[in-house]
Amino acid sequence: MLTSLMPWLLAVAILLAVVGALRRARLWLRGRASNVNVWAGIRAMPKRYLVDLHHVVERDRYISNTHVATAGGFVLASVLAIFLYGFAWESKLLAWLLLAASGAMLIGAVRVAKRRQSPPERLSKGAWMRLPKSLMVFAVSFLILSLPAAGLLPEGFGGVVLAALLTAGIVWGLAEMFIGMTWGGPMKHAFAGALHLAFHRRPERFGGGRSTGLKALNFDDTQAPLGVEKPTDFTWNQLLGFDACVQCGRCEAVCPAFAAGQPLNPKKLIQDMVVGLAGGSDASYSGSPYPGKPLGEHKGGPFQAIVAREGKGLLDPETLWACTTCRACVEECPMMIEHVDAIVDMRRHLTLERGQTPNKGAEVLENLIATDNPGGFNPGSRMNWAADLNLPTLANVKRTDVLLWLGDGAFDMRNQRTLRAFVKVLRSAGVQFAVLGNEERDSGDVARRLGDEATFQHLAKQNIHTLQKYSFRSIVTCDPHSFHVLKNEYPELGGEYVVYHHTTFMERLYRDKQLSLKDWVGGRVTYHDPCYLGRYNGVYDAPRQLLDALGIDRVEMTRSGFRSRCCGGGGGAPITDIPGKQRIPDMRMDDIKASGASVVAVGCPQCTAMLEGVVEPRPQVLDIAELVAQSLIEEETRA
Amino acid sequence: MSRNLAKLPSNDEVSVTVLVSVGQHPVTGRLRRADQDARALEMAMGLSDAEPRVIYAGPLNDSIEPALRGYLGMGVSELKVLRQSEQNDIVPALSAFLNATPSSVILCGSRAELGESSGLVPYQLADALGYTLVANVAVIEKVAASQAVVLQALPRGQRRRIEVALPAILAVDSASPVARQSAYAKATRGFINCVVSDTEEKDATNEWHYAPARKRPKRLKIIKATSARDRFKAAAAKAEGAGGQVLTSVTAEEGAAAILKVLKEEGVLKT
Amino acid sequence: MNDIKRRDPRAEWILRNRLHPEHSTYALTQATGRLSEWIGPTGVKRKNPHLVGFIGPAGVRRIDRSGAQSNQQNTVKAKVDIDARRLIQIDGPSAYIVVVPELPGGRFSAQDKDLFGLAQQLAAKQSEATAVLGVILSPLKDTELGDVGMDRVYFADESQCSEYDPETHLQQLTAIEREFNPLYWLFPEHTSMSADLGRRLSVKLKVRATSHLWQLDLDTLMATCRASGGASDLYRPVSRVIMALAECAEPVSDTRHEARVIDSSINAADVIKRIRNLGAVSVDPAKVALSEAEFILSGGKGITNWDAFHQLARSLGATEGASRVAVDDGHMPRDRQVGATGTWVTARVYLAIGISGAIQHLQGIQACDKVIAINTDPGCDMIKRADLAVILDSSELIQSMLDQLQQSQVEVQHVA
């Protein structure tokens, strides 16, 4: 009886799944066009799934093994079941294989259930609590179903009761696994995820590559709305990406704003986009909400503004402005969803279309327009800190080996100490360098993260125009934000440069024996990875090697390297200043204190400012340039 | 201070006009929307849901246009331009235009940021149009058909309430609420509408010339000594600015007295 | 009694010369009631210490330095001081220069005095006798009108005398214009009353007023004015109506003027009032925007008792500010934060309590004239920046300041 029912069950399930898939695809295709190489993507998809995605999942060994067993078992079991029961192939081998596949899946399902017994806070509950049961039902049903075919049980074993139970189990299993996959159940992640990997907006990220620069807005059409106002303003593959979310909450666990009690949770943000995509309210969301924002109050639809002009929409603007763009969520996401791109897209709308950059944001942007720096300082005073250093300017020397990019830290008294230290190092190594001096402008980093793409492009084009006039081999900067923008975001606007962060550059000088260093004395040191150097650009080793070269007793914080916690200074977060329960730099300072270090080495003016803003007593904050400058062996002959 | 709370009743025939000019950044001198004029527009936009009429009189060229677009970025769709050449007095053109198309409330900044910036234009205009004028307006509290109640800004954050008969020109003070951010997209999409060109009226200011502001010398303390002792004290007094005075190991009473003495000397303590 | 003091050069000479044979005789007459202090020929005060005091009942000289001992010397001394300045009287002036002072709080402001100084300098340059006429349109508490530099003074009628009534005041000014046809009209450039009146008058008189004047060349009559919103200087011939900034000239100090009151025979026409002054609105100084504030009381981590801090701000009439830490800890709202990441303030006086002075904070108070710091740590950066620093625990000092303020308030009430 069951064997005659099976082809029908399978056919109905597959048919419903296809209908669901088409419906879902229609929702995605409401989004804007995107330049995607469809066939190359589909070809590359299995590798992206098996290699790149698995690399991320593997950071949690338990779940990685579980996932291999469950997903592998499920895919294999489904295919085999289709052949065995759909096309009614009679094969003992296939039956044995189905037995093995569903067995593997069962093991996986049990492990999922075990994880779900007391699930960590970051995991969503609700429908996701049902999933291990559904998985087990599916696995057990097919396991039992395969037993007679494999000859382990006699045909007709168990009689009608078992057959009825089995039918029920298979219906449940198919409904969850096949129909649920395309109609919005927890299994949606498998279907949307696979396509998302195929049509990812940053294909460079696969195969060990890195793509972190924001994508430029096109201003040619003055009537086209700028940024993302409603869900359909996202590109279709972004919408698809949101649907791929498995709600594992790894992003939530690493988000500094969430930990600080600011109203942001990357997982909820992505889920809200899914709600907006299909229309509805967030009442059925079953994970941690945005801190301080109860569920059920926000709703939206594909053609409704995400941030309502009046009343409540899908999101409150504070949620978007709380992000520090530290990319920790993106780095952790096993589905490789691009949270930061989405947030900046929505910020672009708020700033460019509505003029609603909160708190000091408007003032900072006005300053950038009027004075080329966020502080509103006289652009003619950019070099005041170096009045006694006689730094050669490119306007005078025209060509040089190394262009030292100062960044806006040149106006900040604290950062001027770092700059002086680095100049000392460069001079001691005999590097031929020059600065742009007063011709330099803000790189545009803050403007871009605050959503003011127009000001960013204006500044960038002016900087590129200035740089065109001169000849130099490479740019070195002490500011990871300038570093990132110059290296990764200027090329799209026509400025291609060789850019180094000062730690990389000093490390090279040291390797080339151009720096003679003595051991640095003074306590234990830990290193704080700046987001824009580490996660954005993958520079983790050079600063550490430099510290080791100084003979420093280096300790690592629990969260370091690609898992480093943000200082709270990125993405204009100190400017938009969204209140939370505690401050992000205070949390980072607690990390530093917990490592037992008495000095924290940094490589970013933002990090320095944020960490030094923590009330004393606290470990001392020193830039690596300062540590190196303190350890230079001054050679009499060179002077 | 609170935001503008007054809302115009929609059936009233109170129309609002804002006069704007081109401003410059105090540090770099780059042209942009003028701060007080933008505040005036902010005030006008708070008055009614209908869009206020925005008028600019003066020269118009490629460097000035982006500055004017700053006002459009605040959310008005059109800016009317009475185009004048550089050396022209703008008052005749403005008064002729406003006479033809009157408005019951005209808002403008108190002082321009370019040129003479004497702050006389609102007065000349009020005189030419026969409007009432109130200067240094910080908040508009109420607008009715025939009169308005405004708060005038006084030094040190103080306010004075004034009732003024309409039609009136209200010159807005820097103490009024900050203007909203100018949004790039609205600024580029807004419409700059040239309604009038030059009315031949030359200014008699050829004897005038401008130079970058000189730093004003600090006034020297002239000591009028009436006795030898006073003269000696003045001559022997420690030069100022050579680091501050630090009072250590004093009692709280002495410390408090020393601080209060300085506050009195500086004139910030009124008792 | 005849107030005119006649000098006897011979007597003075003998008194100075102790070797003179008649010295003792003269000295004795002085001791019995003549001067022990007098103004020497060069205008410098001279003293004869031998003549101080009086002969007591026992025939012994007594010197009472408490001042309680009544002696005509004190009154004479007061007169000597006044007499040190030249009294200038102009009987039949042929021209006038009018000054309309601002009179904030009913007193002459420093700027008002500067304007009278400028008016006197202008008057002195005229070939014919020119009087400076002060026009008092709002209630005045000060009495020393002559010291300020007024030769004539016009008081508005009580009915027309008010803080702000531009229409009535303008009528009075035009009446004065008709009556005296002044050479110049001087108004202090100030955001309250006078500058507004000056502009109204200039428009009425069809004069292109000289505004924001800060320097006037008395010989060429070229004015230097702040133009372009403060970014440039405009050099132009001065006009009849002048709005001048503070410190445009030195105030009058060497001369006294008679400040003769002009009879209120000036008839100003009545006006239909279209502006009605509904009076001052009480604004809590603590709530004034930081960037607007002139006097800021700022608190940081060192404050233990925030209630006392708020109370002190109220009693001082200061605007409240805070360091970043105090804001982060939730003691103060974010819009009260002073510093590079908060508000850049321009207060004239900045009183910082319990703020150690992070670089960002010090950057935010760069423009402050006078910084007073209270802190327990003498080595902190705020103390180095401060013009006056007190090394003490904040709560004790705040309490002490509150006590002293209360005491002085009580005293003021007793006097009044």
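**Helix α4 of chain B**

I looked up which residues of α4(B) are buried: B:V121, B:P122, B:Y123, B:Q124, B:L125, B:A126 and B:D127. I took buried to mean 20 or more other C-beta atoms within 10 Å of the residue's own, with C-beta atoms placed from the backbone. The helix spans residues 121-129, and seven of its nine residues are buried. Helices here are DSSP runs of H or I with at least four residues, strands are E runs of at least two, and both are numbered from the N terminus.

This is a predicted model; local features need pLDDT of at least 70, side-chain atom pairs need 80 or more, and totals for chains, interfaces and linings use all residues. Residues count from 1 along each chain as its sequence is written, and chains are lettered from A in the order written.

I then checked the cover of α4(B). From chain B it includes α3 (91-100), β6 (105-109), β7 (132-143) and β10 (168-172). Chain C adds α7 (194-204). After the helix comes B:G130, with a positive phi near 70°.

**Chains A and B**

I counted 15 residues from chain A and 14 from chain B in the contact. Contact means C-beta atoms, placed from the backbone, within 7 Å. On the chain B side, helix α5 (residues 184-189) gives the largest share, four residues.

**Chain C domains**

I read two domain features from unreviewed UniProt records. "Electron transfer flavoprotein alpha/beta-subunit N-terminal" is placed at residues 104-231 of chain C. That span is 36% helix and 23% strand, its end C-alpha atoms 28 Å apart. "Electron transfer flavoprotein alpha subunit C-terminal" is placed at residues 290-366 of chain C. I found 29% helix and 18% strand there, with end C-alpha atoms 14 Å apart. Such annotations may be inferred rather than shown by experiment.

Technical notes:
Two residues are in contact if their C-beta atoms, placed from the backbone, lie within 7 Å. A residue is buried if 20 or more other C-beta atoms lie within 10 Å of its own, exposed if 12 or fewer, and partly exposed in between; C-beta atoms are placed from the backbone.
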